[in-house]
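User: I have a model open and would like to learn how to read it. Can you take me through it feature by feature?

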Amino acid sequence: MTDTLVSPAPPKRVAAVRQASNSVSLAATVSASLTMAYRGLLKIRHKPEQLFDVTIQPILFTALFAYIFGGAIGGSVQNYLPVLIPGILVQTVVLTSVVTGTQLREDMDKGVFDRFKSLPIARIAALAGALIADMVRYTLATVLTVVVGLAIGYRPAGGVVGVVAAGVVIVLCSFAVSWIWALVGVTGRSAAGVQGISMMVMFPLTFMSGAFALTSTMPGWMQAINHANPVYYMVNACRDLMNGNGFGSSTVYSLLGAVVVIAVFAPLAVRAYMRRA
């Protein structure tokens, strides 16, 4: 009786298991951020009252400041408009960026961001998307302010190129400033508190920046403070571009400052968001 030798079956090939990674590609980060931005635009579509501050305020403030202070400060409304329109443009758009922190705090209080944290997306996408969506609001406020200025007689010496360049500068700078308010919104205790803190900081900086009256008429100590006031450089940059003086040092300082602010406050906001959301 002979034994039958049975050769062992060849081992089955095991499919390679893809290892999980905590890193997210740049393309995926951009895609997720744009998706979150689209979500922010849908919120505006369903709640159009969110646009009141960028539609009613530019029209109301521009007309009121022009006709109330034009004669007292500029001698006439027409002489005052080259000073006022760039200044009120900066004030309107920069103050609009304050809403970013307030809305972030409201979403976090509702638990919306808890879901975002569990998604396989870059950590910065949820915050960046909300801020990118707000750039649409900044652009709308910019356009309306310029249109109202043109309607009441403002004729920018910088022409279309100067006006568009000023608009781009202020929108980019406001996007950078919104990262500061995003950090405040993430770390704040309530939406009302975030709004109160933001306005308390921005109103003095805006009014002393020379947005409505030239800084040369202000006390020396206030002029010295303005050299450390970022809104002061934004106002001068927009005024130079819109009134035909071209790119100057204020424009360079504004853009460099925007880059620095994003580089510093974006990581801080994301870190605070992951810790507190």
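Analyst: We will go through the cores, some single residues, two helices and a cavity. One caution: this is a predicted model.

User: Start with the interior. Which residues touch the most other members of the largest nonpolar core?

Analyst: The general idea comes first. In soluble globular proteins, nonpolar side chains tend to be buried together. Here the largest nonpolar core has 43 residues. L84, V90, I170 and M242 touch the most other members.

User: Which helices each supply at least two residues of this core?

Analyst: Helix 2 (52–74), helix 3 (77–96), helix 6 (125–151) and helix 7 (159–187) do. So do helix 8 (191–207), helix 10 (230–242) and helix 11 (249–276). Take V90 as a case. Leaving aside neighbours within four places in sequence, V90 is in contact with I170, V231, M234, V235 and C238. Another core lies apart from the largest one. That other core has 19 residues, among them A126, A128, A269 and Y273.

User: Now single residues. Is G87 buried or exposed?

Analyst: Read the relative accessible area; under 20% counts as buried. G87 is buried, because its relative accessible area is 0%. This glycine lies in helix 3. Beyond its neighbours within four places in sequence, G87 is in contact with A211, V235 and R239. V235 is also among the contacts of V90.

User: What about T55, buried or exposed?

Analyst: Apply the cut-off again. T55 has a relative accessible area of 19%, so T55 is buried. T55 lies in helix 2. Setting aside neighbours within four places in sequence, T55 is in contact with L140 and L144.

User: L140 and L144 are four places apart. Why would residues at that spacing point the same way?

Analyst: An α-helix has 3.6 residues a turn, so residues three or four places apart point the same way.

User: How do I compare sequence distance with distance in space?

Analyst: Put the two numbers side by side. G87 and T142 are 55 residues apart in sequence and 11 Å apart in space, C-alpha to C-alpha. A272 and T102 are 170 residues apart in sequence and 15 Å apart in space, by the C-alpha atoms. A272 is found in helix 11 and is buried, at 3% relative accessible area.

User: Next, helix length. What span should helix 7 have?

Analyst: Use 1.5 Å a residue. The 29 residues of helix 7 should span 42 Å, and the end C-alpha atoms are 42 Å apart, which agrees. Of these residues, 21 are buried, so helix 7 is largely enclosed by the rest of the structure.

User: And how many residues of helix 4 are buried?

Analyst: Nine of the twelve are, so helix 4 is largely enclosed as well. The buried residues include V98, Q103, L104, R105 and D107. Helix 4 should span 16 Å, and its end C-alpha atoms are 18 Å apart, which agrees. After helix 4 comes G111, with a positive phi near 85°.

User: Last topic: cavities. How many of 30 Å³ or more does the structure hold?

Analyst: One. The largest cavity has about 160 Å³ of space. Of the 17 lining residues, G40, K43, Q103, D107 and A130 are the closest to the centre. Helix 1 (26–46), helix 4 (98–109) and helix 6 each give two or more residues to the lining. Helix 1 gives the most, with six.

User: What is the chemical make-up of the lining of the largest cavity?

Analyst: Sort the residues by class. Eight are nonpolar, four polar and five charged.

Terms used:
Residues are numbered from 1 along each chain as its sequence is written. This is a predicted model: local features need pLDDT of at least 70, side-chain atom pairs count only at pLDDT 80 or more; totals for chains, interfaces and linings use all residues. Side-chain values use heavy atoms; hydrogens and water are left out. A nonpolar core is a set of buried Ala, Val, Leu, Ile, Met, Phe, Trp, Tyr and Cys residues joined through side-chain atoms within 4.5 Å. Buried means under 20% relative accessible area, exposed over 50%, partly exposed in between (1.4 Å probe, protein chains only). Helices (H or I, at least four residues) and strands (E, at least two) are DSSP runs, numbered from the N terminus. Contact means heavy atoms within 4.5 Å. On a 1 Å grid over the protein atoms alone, a cavity is a set of points where a 1.4 Å probe fits but cannot get out, and a pocket is an open set with protein on both sides within 12 Å along at least five of seven lines; lining residues have an atom within 4 Å of a point. Grid points are joined across faces, edges and corners, and a volume is the space filled by probe spheres set on the points. Ala, Val, Leu, Ile, Met, Phe, Trp, Tyr, Cys and Pro count as nonpolar, Asp, Glu, Lys and Arg as charged, and the others, Gly among them, as polar. The expected span of a helix is 1.5 Å times one less than its number of residues.
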